[in-house]
Amino acid sequence: MPTNQLILQTFIDGLLLGGIYAVAALGLSLVFGIMDIVNLAHGHMLMVGGYVAVILFTAVGITPLIGMVAAIGLMFLFGMALQKVLLDHVVDEGLEQPIIVLFGLALVLQNLGEYFLGGDSQSTNIGIPGSGFKVGSVFFSFPRTVTFVIALVLIVGTWGFLRYTTTGAAIRATAQNRTAARYMGIDTDRIYIVTLGIGTALAGAAGALLSMLFPIDPYVGWSYLLKAFAVVVLGGVGSIIGTLVGGLTLGISENLGALYLGGGYRDVISFSIFLAVLLLRPQGLFGSGGGDA
């Protein structure tokens, strides 16, 4: 049986990992809550963000912390272009059309990644001397601690943007009632472009952060999409606080489950949580937040 010390260490490691899961899920949650689009390519957008950090790290030696900034900018532009060029033509055609388009995009991104970068896993190094520090008997590794802090900054920054900016208020109004928002003079087409840009940028940020902890390959998109869905279901669609709590819960559950069952059961645990919450509390822990308006 695991010792109490090992259980505590596993709990803390899962908590730190859960911050990145929350960032990964936040973009998916916002896009669905505001645009009513289930982004099946979200995990592969995360994969692309991870590869941006990997390529900059391996080819130029740039720290993945800066690579994350590059991934955010690149994926924000990609998300806006995707909405303007492709999704704008199907967003009002019901739930199925965008799902089909985004599923096709996921396959395209996966195959492009495999063609240009190969199927081998690659990762980055945060570049901080030493492995970490101890607080009492608990060890905090530098990669997990730094990525957790950055994840919190991204989540709080997103909340602040939605809460205290004019564009954020327009996004929240569009989420509540698109028709009424249009009557109020809000350019909802522009809001959709910005929203998908933000959602895609958050996926890119999560991918860059995860590249500091786990290897990235062209096929990780499906696994992280499942985890993001589990977090969204846990926290409630559009709820930023719920997404954070859901991410932390998933990270802890995965780590403790891996401790008792083995690391190969991480995705099984995510899927089990996803199904359990759908059956017992489909509205999530915090219900639908609409961006926590």
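The legends below describe views of a predicted model of one protein chain.

**View 1. The order of helices and strands along the protein chain.** The protein chain contains 11 helices and two strands. Read from the N terminus, its elements follow the order α-α-α-α-β-β-α-α-α-α-α-α-α, so that the two strands come after four helices and before seven further ones.

**View 2. The overall dimensions of the protein chain.** Taken along the principal axes, the box filled by the C-alpha atoms is roughly 60 × 45 × 35 Å. The radius of gyration is 19 Å, which agrees with the value near 19 Å that a compact globule of 293 residues would have.

**View 3. Burial, contacts and exposed surface.** Of the 293 residues in the protein chain, 51% are buried, that is, under 20% relative accessible area. Among the contacts with a separation of 6 or more, 77% join residues that stand 24 or more positions apart. The protein chain exposes about 12,700 Å², and 67% of this area is supplied by carbon and sulfur atoms.

**View 4. The second largest pocket and its lining.** This pocket holds about 210 Å³ of space, and among the 14 residues that line it, V48, L109, L112, G113 and L117 are the closest to its centre. Helices α2 (42–60), α3 (64–85) and α4 (96–117) each supply at least two residues of the lining, with the largest share, six residues, coming from α2. Sorted by class, the lining of the second largest pocket consists of 13 nonpolar residues and one polar residue, with no charged residues.

Technical notes. Residues numbered from 1 in each chain as written. Predicted model: local features only at pLDDT ≥ 70, side-chain atom pairs only at ≥ 80, totals over all residues. Heavy atoms only, no water. 1 Å grid on protein atoms, 1.4 Å probe; cavity = no way out; pocket = protein on both sides within 12 Å on 5 of 7 lines; lining within 4 Å. Points joined across faces, edges and corners; volume = space filled by probe spheres on them. Nonpolar A, V, L, I, M, F, W, Y, C, P; charged D, E, K, R; others polar. Rg over C-alpha atoms; globule rule 2.2 N^0.38 Å. Buried < 20%, exposed > 50% of the residue type's maximum accessible area, 1.4 Å probe, protein only. Contact = heavy atoms within 4.5 Å. Areas by Shrake-Rupley, 256 points an atom, 1.4 Å probe, with all protein chains shown as cover.
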